[in-house]
Amino acid sequence: MEKLSNFLKSIAVPCAIVALILAWLAWGTWAPQIASWSRGTDNPDFNIGVWGDSYGAFNALVGSLGFGAVAATLLLQMRAIKQQQDDIHRQRFETTFFELLRLLRECRQEVYYKERGLAAFAKAVGELREAAGIHALHPDSNEKDLLITYETVIHHHCEATISPYFRVIYRILHRLREDKILTRDEKLSYAKLLRGQLGSDELYLMGFNGKLALAKDFSALIEEFRLLKYLPKGPLRNDLERHYPKTAFLGHD
């Protein structure tokens, strides 16, 4: 049905132009007959002068309608060109998005914290949780202590390999937010694909990384695209809930 509707729209203006031309030719060719028929007489010369004068007005009408039809055709062509450009942009964005996902997986394998790859994330989370437990026993501890612990215990020791990993995530989210062509639903769909690539340990460390001073607006992007939605309930989620609003853990549905 949609294809039929688009087809009918595409031929509407050309058909209207052809109809106007045919009406203009008929008016000029059979004006006397049309005049006598409209006056209810068989005399083709009846009031023919007055009828002929109307032909000039009809010319003006046809000219105006023809100009309008041409303008409408140009408008439709401009819209078609804009739609084509948008489609090309979407194709390029999709290609770039999956290239960045591939780069993200490569950077993950390069992360090193006493282990490499996913094991490095698990090792870092274990030590951060252990350090958090020690800090929690201190009478002057507060919610910022865990963020400071992450920066000193984890980030400073593996910054060379973990920062490129989080920068790729930031770049993907930033491109999504700033894109002027993608719809909101399309952006959320890409964000869900990204979220599906991240495990609990990665989400946990990403949450703290996003709160670092050098992370710019990373935490705002994490919240906007709800990347923490699938972080399982438990100690890890409880830690981040002290640093992020509830919306960061909700879906967009």
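**Aromatic pairs and helix H7**

Tyr 204 is buried, and Phe 208 is buried too; buried means under 20% relative accessible area, exposed over 50%, and partly exposed in between (1.4 Å probe, protein chains only). This is a predicted model: local features need pLDDT of at least 70, side-chain atom pairs count only at pLDDT 80 or more, and totals for chains, interfaces and linings use all residues. Residues are numbered from 1 along each chain as its sequence is written, and side-chain values use heavy atoms, with hydrogens and water left out.

**Helix H7**

- Helix H7 spans residues 200-209, and 8 of its 10 residues are buried; helices (H or I, at least four residues) are DSSP runs numbered from the N terminus.
- Among the buried residues of H7 are Glu 202, Leu 203 and Asn 209.

**Aromatic pairs**

- The structure holds 8 aromatic pairs; rings of Phe, Tyr and Trp (its six-membered ring) pair if their centres lie within 6.5 Å, with planes under 30 degrees apart counted as stacked, over 60 as edge-to-face and the rest as tilted.
- Tyr 165 and Phe 166 are edge-to-face because their ring centres are 5.3 Å apart and their planes stand at 70°.
- Tyr 204 and Phe 208 also form an edge-to-face pair, at 5.1 Å centre to centre and 90° between the planes.
- Tyr 204 and Phe 208 are 4 residues apart in helix H7, so about one helical turn separates them.
- Phe 93, Phe 97, Phe 98 and Tyr 190 form one aromatic cluster.

**Charge over a ring**

- The charged end of Lys 211 sits over the ring of Tyr 244, 4.7 Å from its centre; this requires NZ of Lys or CZ of Arg within 6 Å of the ring centre and within 35 degrees of the ring normal.

Key. Helix = DSSP H or I, 4+ residues; strand = E, 2+ residues; numbered from the N terminus.
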